[in-house]
Structure formats: C-alpha cells, structure tokens
Amino acid sequence: MIKFEQVSKTYPGGQQALRKVSFHIEPGEMAFLTGHSGAGKSTLLKLISIMERPTVGQVFINGHNLNKIHRRQIAFIRRDIGMIFQSHQLLMEKTVFDNVALPLVIEGYSRKETTKRVHAALEMVGLRDKIRSLPIMLSGGEAQRVGIARAVVNKPPLLLADEPTGNLDPKLSMEIIRLFEDFNQAGVSVFIATHDLGLIARMKYRSLTLKQGQMITDGLSEDWDSSE
Ligand code: ADP
Ligand code: ADP
C-alpha cells in the first residue's frame, strides 16, 4: 500500500527533513508513525499525499511509483487516500452534511448516491443526528469525527492521519483510535502520525519512529522499554 525506498527530503532552504527512509505498509495494515516535533512526520505524510516530492529515493502508493506519475494523475492517486488532520479543517459556514459530502460533490457523484454515502459515513462515526448541525455546534471530538466521515465517504483504501488526537483529551483520543480500528477491520489501511506516545504505548500496534529524519525503530509498541 505504501513503500518508501531510501527516501531523503531536503527542503529548498537546506533543511534535511528525511534521511534514507525505507519501510512499507501492507494493504490492510494499521500502523503508527511517531517521533518528536521536527522529526519529519509531516514531511513523510506529505510525500505520501504528493504535497511534497522526495529529493532522493522512491515512494510507491498502491503500486504507483510517485516519481513516474504525470501531474494530471496526482488527483487520481489522492482519491485513494483519506486525509485526517489535527484541526478538522471543516467549512464553518456549511452543515455537517455539506462538509462530509464535499469530496463526492467534487467527484461529481449523483445527489442520490451522495446522500446515501453521507448517511452511511455519519452512521459509522455515530453522528447521524448531527447531519443538519453547523460545525460551531459540535464538540471537539464530534468535529474530529465529522473530519473522519469526510475522509472515508468515498471509501478510500488508505487513511492517513496527521496528529488526529492532538486537540483531544485521552478518553476522546482513544475513541478516535477505536474508530480507526473499525475502518481497519473493514479492510482499510491506516497510517497515523502522532507524538502522543502514551496513547499508543497501551496498544499492540506496529510503530515506526523517526528521529531527526531517520527511521530508528519499527516494531510493536507494546515491546517498548517504558524508560524511553
Ligand atoms: P514533524 O511533523 O515530525 O514535526 P516536519 O516534517 O514538520 O516534522 O519537519 C521536519 C523538519 O523539516 C523540521 O526541521 C522542519 O523545520 C523542516 N521543515 C518542514 N517543512 C518545511 C518547509 N516547508 N520548508 C523548510 N523546512 C521545513
Ligand atoms: P501545518 O502548518 O502544521 O502543516 P496546516 O493546518 O497548514 O498545518 O495543514 C495541515 C496539513 O495538511 C499540511 O501538511 C497541508 O499541506 C496538508 N493539506 C492541506 N490540504 C490538503 C489536501 N487537500 N490534501 C492533502 N494534504 C493537505
């Protein structure tokens, strides 16, 4: 689903954000990406979503070598990726329905199909009763769940999340992770960047750790030495 081969990224200003990073995530896997602020997590996610390009090395998404795709194929590949951000990035003047429907409207889905899928996505995140609400009427956890519904509404095979629990307390954070688990159990690959080590230390998931742009560990989070 995701494969990095010896990927390095140096920004135009000379800042080296990733150094010879190699790993792969299988279809249907759920894994975490951890590391301190500045370690390179966002840069790695931006290479996957084609917001940035590698300086050296190769990135493969769903079998596509991103170095070899045409500019006009970018939107096509992004369609396979549901993106979730720390700040939910909802349109504040639009209802929950309109926010979740947005990716389908852009894709030109029929009104009937759009309605059906928006209802199904809100059902999965437990927010059917908020469909007519405006984002300002939602709690932080609810707003994040709307962001997740929007990310999954066109049924992408890969979900990418950048600090999805950054603004939430531990209980709500765990609820969000449980939601990702539900989607993963339905066959979706899930890759979550977080610096919240407390959140994942309690779970038995594969965790990849970046430190100053290098991938320093790749293993089950429960095996971590608690002194680290
Ligand atoms: P993280 O998400 O783990 O906090 P980032 O990928 O945002 O890490 O940043 C990794 C390094 O790259 C940092 O030193 C950061 O300052 C630098 N960096 C990130 N984005 C840019 C950019 N657009 N231009 C220059 N340097 C950047
Ligand atoms: P930051 O300044 O910490 O990077 P932002 O709130 O500006 O945070 O954006 C969050 C991230 O989402 C950024 O990495 C941005 O490039 C990315 N992003 C924004 N819109 C999209 C999109 N449509 N598809 C993929 N990534 C996006």
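Which residues surround ligand 2?

**View 1. Meet the neighbours of ligand 2.** This is a predicted model, and here we zoom in on ligand 2. The residues around ligand 2 are K46, M51, M83, F85 and Q89. Sort that shell by class and you get three nonpolar residues, one polar and one charged. As for cover, the protein hides 46% of the 560 Å² of accessible area that ligand 2 has on its own.

**View 2. Two side chains meet oxygen atoms of ligand 2.** Take K46 to begin with: one of its polar side-chain atoms is 3.4 Å from an oxygen atom of ligand 2. Now look at Q89, where a polar side-chain atom sits 3.2 Å from an oxygen atom of ligand 2.

**View 3. Ligand 2 takes up the space of the largest pocket.** How big is the volume of the largest pocket? It comes to about 730 Å³. A total of 22 residues line this pocket, and R78, I81, M83, F85 and P103 are the ones nearest its centre. M83 and F85 may ring a bell, since both also belong to the group surrounding ligand 2.

**View 4. Here's what the wall of the largest pocket is built from.** The elements giving two or more residues to the lining are the helices α1 (41–48), α2 (74–78), α3 (96–107) and α5 (140–152), along with the strand β6 (81–84). The largest share comes from α3, which gives four residues. By class, the lining splits into eleven nonpolar, five polar and six charged residues.

Definitions and conventions:
Residues numbered from 1 in each chain as written. Chains lettered and ligands numbered in written order. Predicted model: local features only at pLDDT ≥ 70, side-chain atom pairs only at ≥ 80, totals over all residues. Heavy atoms only, no water. Near = heavy atom within 4 Å. Polar contact = N/O pair within 3.5 Å; in protein donor to acceptor, adjacent residues only side chain to side chain. Areas by Shrake-Rupley, 256 points an atom, 1.4 Å probe, with all protein chains shown as cover. 1 Å grid on protein atoms, 1.4 Å probe; cavity = no way out; pocket = protein on both sides within 12 Å on 5 of 7 lines; lining within 4 Å. Sits in = over half its atoms within 2 Å of the grid points. Nonpolar A, V, L, I, M, F, W, Y, C, P; charged D, E, K, R; others polar. Points joined across faces, edges and corners; volume = space filled by probe spheres on them.
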